[in-house]
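Reader: Hi! Could you walk me through this one while I have it open?

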Amino acid sequence: MAATEARVAPGPTGNGLVARAEGLTKRYPPAVTALAEVSFEVRPGEFVAVLGPSGAGKTTLFRCLTGLTRPDRGTVSVNGRDIWQNPRELRLARREMALIFQQFNLIRRLSALENVLVGRLAHVPAWRVISRSFTRADRQLALGCLDTVGLLDRAGTRADELSGGQQQRVAIARALAQHAKLILADEPVASLDPESSATVLESLRSAVSTGVAVVASLHQVHLARAYADRIVALRDGRIVEDAPADRLDARSIELIYERNAERDEA
Amino acid sequence: MATVVRRAGEYPEPVVTWWPGRRLRFVVVLVLLGAFYSASWHLAKVDPGRLLTGLPKMAGWAAKAWPPATDELPVLLLRTAETIAMAAIGTTAAALLALPLCVVAARNVTPSLALYYPARGFLNALRGVDSFVFALLFVAAVGLGPFAGVLGIALHTWGSTAKLWAEAIENIPPGPLEAAAATGASRVKVIAFALLPDVAPSMVSVGLFWWEFNVRASTVLGVVGAGGIGQELKNSMDLLLFPRLLTIILLILVTVTVIDHTSEWLRRKLE
């Protein structure tokens with residue numbers, strides 16, 4: 001079901017880009033080049049999978065996109081804001097992008113619903129946060145987001161009592177509650193079993209169907225092909241492939257993961 | 001994947017890391033420890049002989065103490081209540097003062113390192129001075145009575161509680177805080193919404209521990225004139241009123257036991 005949905009080309013997008021990275025370069029002296037001249041664009045309602053072997057630069061790319069690591073060169077703009085221009089721009093840009101982590105990063109003692117409400121923190125006055133009295137509109141919005149990821153019935157459950165897959169779906173609901181235009185997911189299913197991986201990726205797909213753009217790094221090629229619209233492949237810090245998911249053939253996949261004999265020995 | 005086959009006896013053995021190894025170093029450590037304890041023995045003027053001659057004297061007191069005196073029970077109960085009240089007010093004041101400071105003194109959430117180090121130093125100074133010593137100073141400043149005890153308890157507990165709370169904050173996993181901050185929320189909101197629920201149980205637990213500890217501490221604060229049951233304890237000892245002394249010791253035992261169990265029960269309820 002999700003697989004056929006995934007092959008549908010992204011709908012009409014308008015001319016606004018959600019995110020644009022240009023010439024991103026990051027070196028870790030003395031010898032590691034994590035990213036070399038990486039440029040790509042993300043359009044609204046697009047699911048981009050980032051593939052690549054370990055050490056290809058996927059994590060560094062995500063850290064640069066989210067403003068956690070400053071690239072040596074290059075720019076990142078999110079919804080037209082240059083995130084490295086000044087801290088204010090970064091903070092404003094962060095409201096419009098949501099992060100999904102491999103380890104979910106939910107607040108373990110809070111309910112699923114409260115964790116989704118974390119997505120509203122930036123929009124709510126401080127006194128409401130401190131007194132934990134969110135408006136009915138915010139609570140209803142959060143419940144709607146839980147509904148989107150199929151967890152409405154777990155709204156009152158403590159986060160640490162949910163399974164890994166459910167926790168990751170709560171994290172996606174948190175991203176939706178943020179009204180983010182862009183969801184950045186670094187290895188969202190790397191610590192999940194195949195079945196949970198599928199439900200999590202389907203939840204990301206349903207986020208995409210609401211017009212959000214998703215950039216997710218994945219380890220498994222078949223998942224990328226089944227759920228993503230576009231695949232960006234990194235190797236040794238360079239983009240070696242950037243193509244619609246259904247045009248990626250066995251030959252190019254081999255190219256992405258081509259064994260580097262020297263490094264395997266090390 | 002290469003498989004290397006060696007014969008037994010040729011495998012390099014990994015270095016054991018938890019034991020410093022080297023027989024010589026072991027002997028040196030042993031000698032140093034021996035020197036330390038023998039010096040301590042002399043400095044502390046340990047003399048088991050004197051204990052042996054002193055024991056019959058204590059046994060005599062114990063015999064004279066029975067039965068415990070009950071004629072002054074109402075006064076002594078009031079003094080006990082005074083002791084618990086001192087601990088409660090002192091600990092609560094300390095907790096309120098510690099609340100803002102523990103955030104500044106926790107490396108992972110401090111607003112700035114320029115505040116972190118002075119805050120840590122201040123807390124360590126408060127913690128380094130016992131509530132007994134503070135009470136001694138306050139008796140001189142505000143006069144005899146439980147208020148001096150309250151102030152002494154509050155200052156020492158302020159430093160101790162804030163330091164333990166700061167450590168609890170530093171020990172929570174950074175991921176959820178990062179995730180909350182990544183939504184663009186301000187520091188205050190992140191601390192109030194994402195940090196507090198995670199540390200609140202251990203903070204309450206630390207607070208209860210200090211209340212319990214301070215009840216025990218304040219039973220002796222009276223010895224320096226800072227009110228409570230300790231004052232009666234000292235008077236009775238000075239006047240060699242052993243039945244009265246026994247009553248006081250029994251009251252202290254009962255109070256401390258009840259407080260310990262209540263606090264333990266409350267702490268267990270939290271988890």
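**A tour of the model**

Author: Happy to. Start at strand β3 (residues 47–51) of chain A: five of its five residues are buried, so β3(A) is largely enclosed by the rest of the structure. Strands here (E, at least two residues) and helices (H or I, at least four) are DSSP runs, numbered from the N terminus. Buried means 20 or more other C-beta atoms within 10 Å of a residue's own, exposed means 12 or fewer, and partly exposed is in between, with C-beta atoms placed from the backbone.

Reader: Before we go on, what kind of model is this, and how are things labelled?

Author: This is a predicted model, where local features need pLDDT of at least 70, side-chain atom pairs count only at pLDDT 80 or more, and totals for chains, interfaces and linings use all residues. Residues are numbered from 1 along each chain as its sequence is written, while chains are lettered from A and ligands numbered from 1 in the order in which they are written.

Reader: Thanks! Which residues of β3(A) are on each side?

Author: A:F47, A:A49 and A:L51 are on one side, with A:V48 and A:V50 on the other, and all are buried, so to speak of its faces, both are covered.

Reader: And which strands does β3(A) join?

Author: β3(A) runs parallel to strand β8 (residues 213–217) of chain A, with four bridges between them. A:F47 has A:V214 as its bridge partner in β8(A). Four bridges also link β3(A) to strand β9 (residues 230–235) of chain A, again parallel. In β9(A), A:V50 is partnered by A:V232, and A:A49 by A:I231. Two strands count as paired if DSSP finds at least two bridges between them.

Reader: What is the strand order in that sheet?

Author: The order is β6-β7-β8-β3-β9-β10 in chain A, an open sheet of six strands with mixed pairing. The edges are β6 (97–100) and β10 (238–244) of chain A, each with a single partner strand, so one side of each has no neighbour in the sheet. On average, neighbouring strands of this sheet are turned by 15° against each other, direction ignored. Axes are lines fitted to C-alpha atoms, for helices over the stretch in contact, and angles run from 0 to 180 degrees between N-to-C directions.

Reader: Which helix packs on the sheet?

Author: Helix α2 (residues 58–65) of chain A does, touching β3, β7 (182–186), β8 and β9 of chain A. The direction of α2 makes about 150° with that of β7(A). Contact here means that C-beta atoms, placed from the backbone, lie within 7 Å.

Reader: How do β9(A) and β10(A) run, parallel or antiparallel?

Author: Antiparallel, with six bridges between them. A:L234 has A:I239 as its bridge partner in β10(A). The two strands form a hairpin with two residues between them, and A:D236 in the turn has a positive phi of about 50°.

Reader: Cool. What about the four strands that form an open sheet?

Author: Their order is β2-β1-β4-β5 in chain A, and the pairing is antiparallel. β2 (32–42) and β5 (81–82) of chain A are at the edges with a single partner strand each, so one side of each is left without a neighbour in the sheet. Strand β1 (residues 19–28) and strand β4 (residues 73–78) of chain A pair over five bridges, and A:A19 stands opposite A:V78 in β4(A).

Reader: I clicked on A:A36. What does A:A36 touch?

Author: A:A36 lies in strand β2 of chain A. Leaving out residues up to four places away in sequence, A:A36 touches A:T25, A:G237 and A:R238. A:A36 counts as partly exposed, with 18 C-beta neighbours inside 10 Å.

Reader: Switching topic: how many residues does helix α7 of chain A have?

Author: α7 (residues 164–177) of chain A has 14 residues and reaches 20 Å from its first C-alpha to its last, close to the 20 Å expected at 1.5 Å a residue. That expected span is 1.5 Å times one less than the number of residues. In α7(A), 13 of the 14 residues are buried, so α7(A) is largely enclosed by the rest of the structure.

Reader: Last one: how many residues does each chain bring to the contact?

Author: Chain A gives 20 residues and chain B gives 16 residues. On the side of chain A that touches chain B, α3 (87–96) and α5 (126–130) of chain A each supply at least two residues. The predictor gives the complex an ipTM of 0.78 and a pTM of 0.74.

Terms used: Two residues are in contact if their C-beta atoms, placed from the backbone, lie within 7 Å.
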